[in-house]
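This briefing introduces the structure shown below to a reader who has not met it before. It takes up helix packing, the strands and the surroundings of the ligand in turn.

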Amino acid sequence: MSEGAILTYEKVAPKERHSVSSACGAGDVFIGFALNGKRDDKSWRARSVSCIIARFLVGLICSMAQKLVVGNWKLNGAFATNEALLGACCALPRVDAAVCVPFPYLAQAVSRLNGMALGAQTVSEFQSGAYTGEVSAEMLAEMGCRYVIVGHSERRALFGEDDATVGRKAAAALRAGLVPIVCVGETLAEREAGQVMEVIGRQLGAVLDLIGAQGLSRSVVAYEPVWAIGTGRAAGADEAQEVHGHIRRWLAEHGASAAEMRILYGGSVKADNAASLFGMPDVDGGLIGGASLSARDFMAICQAAAGGNF
Ligand code: PGA
């Protein structure tokens, strides 16, 4: 076995696990190939360099091509049910998976991820100080989080988070090395008024103002039409694709690395509609609410994102 191939999850800090899971597999074949020669000749250094480059390139290609499925548990969970749920979920080949759990369960979840990544559902825009009840991005990073959802429509509608607040939260996440999952999406009234891209452009624009095109390029965008969240009425695959295509063009026009960014769809994704949604060229995965509370459904959605049976 090559050195590369014996790099296991246990030997990697939680924050790095996501990229390692993307980079292993084909990457280790390259690395095994690169390390199989004798160590004493001059070419050793060149081989090491090519090994690192191979891992980087394969990791980059895999993580770009792989879909990302993120579970959003919302205000649900208890030690016993979390134990059962996480125990029945795991990372699958050819798909990146993450679970965003309530704050009190981060410590429980971090040791039961089975190769998935960890995330939180919101974050303070502040780093530290007299902000009772807040949780900073640095704290989330220290807990082993890789992702944090910002601007979920429930936080916008129920907790008064405006576009600028969402931008500041995205900035706080990036400052701590987290990947913000920036949620955008229109209400039914806005859709019926033909304002879908106007609304999304305003929401993304406020984030762009705070984190710039470079920050946006390091973020994940989740298109979540408000009328589809928790209603059982998901956007049709073509409907989702149309908006995702617009979002990618908007990102490109505003200087972000749009082609490499992941744009997730969220809103009533279930085991039976996941494959058609994920089959769309600009749908790079899903943000899953209700169905992420069932291991069977969540794993079926991950499997659909991985491209079906394996
Ligand atoms: P849902 O929620 O899958 O239950 O519709 C999605 C979300 O709110 O992120």
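**Helix packing, barrel and ligand shell**

Helix α10 packs against helix α11 (residues 237-253) at an angle of about 40°, and their axes lie 10 Å apart. This angle makes α10 oblique to α11. The model is a predicted one. A closed barrel of 8 strands is also part of it, and 13 residues surround a ligand.

**The contact of α10 with α11**

- The crossing in which α10 passes α11 is right-handed.
- On the side of α10, the residues that meet α11 are V196, M197, I200, G201, L204 and L216. Their counterparts in α11 are V243, H246, I247, W250 and L251.
- Divided by class, the residues of this contact comprise 9 nonpolar, 2 polar and no charged.

**The contact of α8 with α10**

- Helix α8 (residues 163-175) packs with helix α10 (residues 196-217) at an angle of about 25°, their axes being 7 Å apart.
- The two helices α8 and α10 are therefore roughly parallel to each other, since an angle under 35 degrees counts as roughly parallel.
- The crossing of α8 and α10 is right-handed.
- From α8, the residues D163, A164, V166, G167, R168, A170, A171 and L174 take part in the contact. From α10, they are met by R202, Q203, A206, V207, D209, L210, I211 and G215.
- The contact of α8 with α10 contains 9 nonpolar, 3 polar and 4 charged residues.

**The barrel**

- The strands of the closed barrel follow the order β1-β2-β3-β4-β5-β6-β7-β8, and their pairing is parallel.
- On average, neighbouring strands of this sheet are turned by 25° against each other, direction ignored.
- Strand β4 (residues 147-150) and strand β5 (residues 179-184) run parallel and are joined by 4 bridges.
- Opposite V148 stands P180 in β5.

**The ligand shell**

- Of the 13 residues that surround the ligand, the closest are N72, G266, S268, G289 and G290.
- By class, the shell around the ligand divides into 5 nonpolar, 7 polar and 1 charged residues.

Technical notes: Residues numbered from 1 in each chain as written. Predicted model: local features only at pLDDT ≥ 70, side-chain atom pairs only at ≥ 80, totals over all residues. Axes fitted to C-alpha atoms, helices over the stretch in contact; angles between N-to-C directions. Parallel < 35°, antiparallel > 145°, perpendicular 65-115°, else oblique. Left-handed = near helix turned anticlockwise from the far one by under 90°. Contact = placed C-beta atoms within 7 Å. Nonpolar A, V, L, I, M, F, W, Y, C, P; charged D, E, K, R; others polar. Near = placed C-beta within 6 Å. Pairing = 2+ DSSP bridges.
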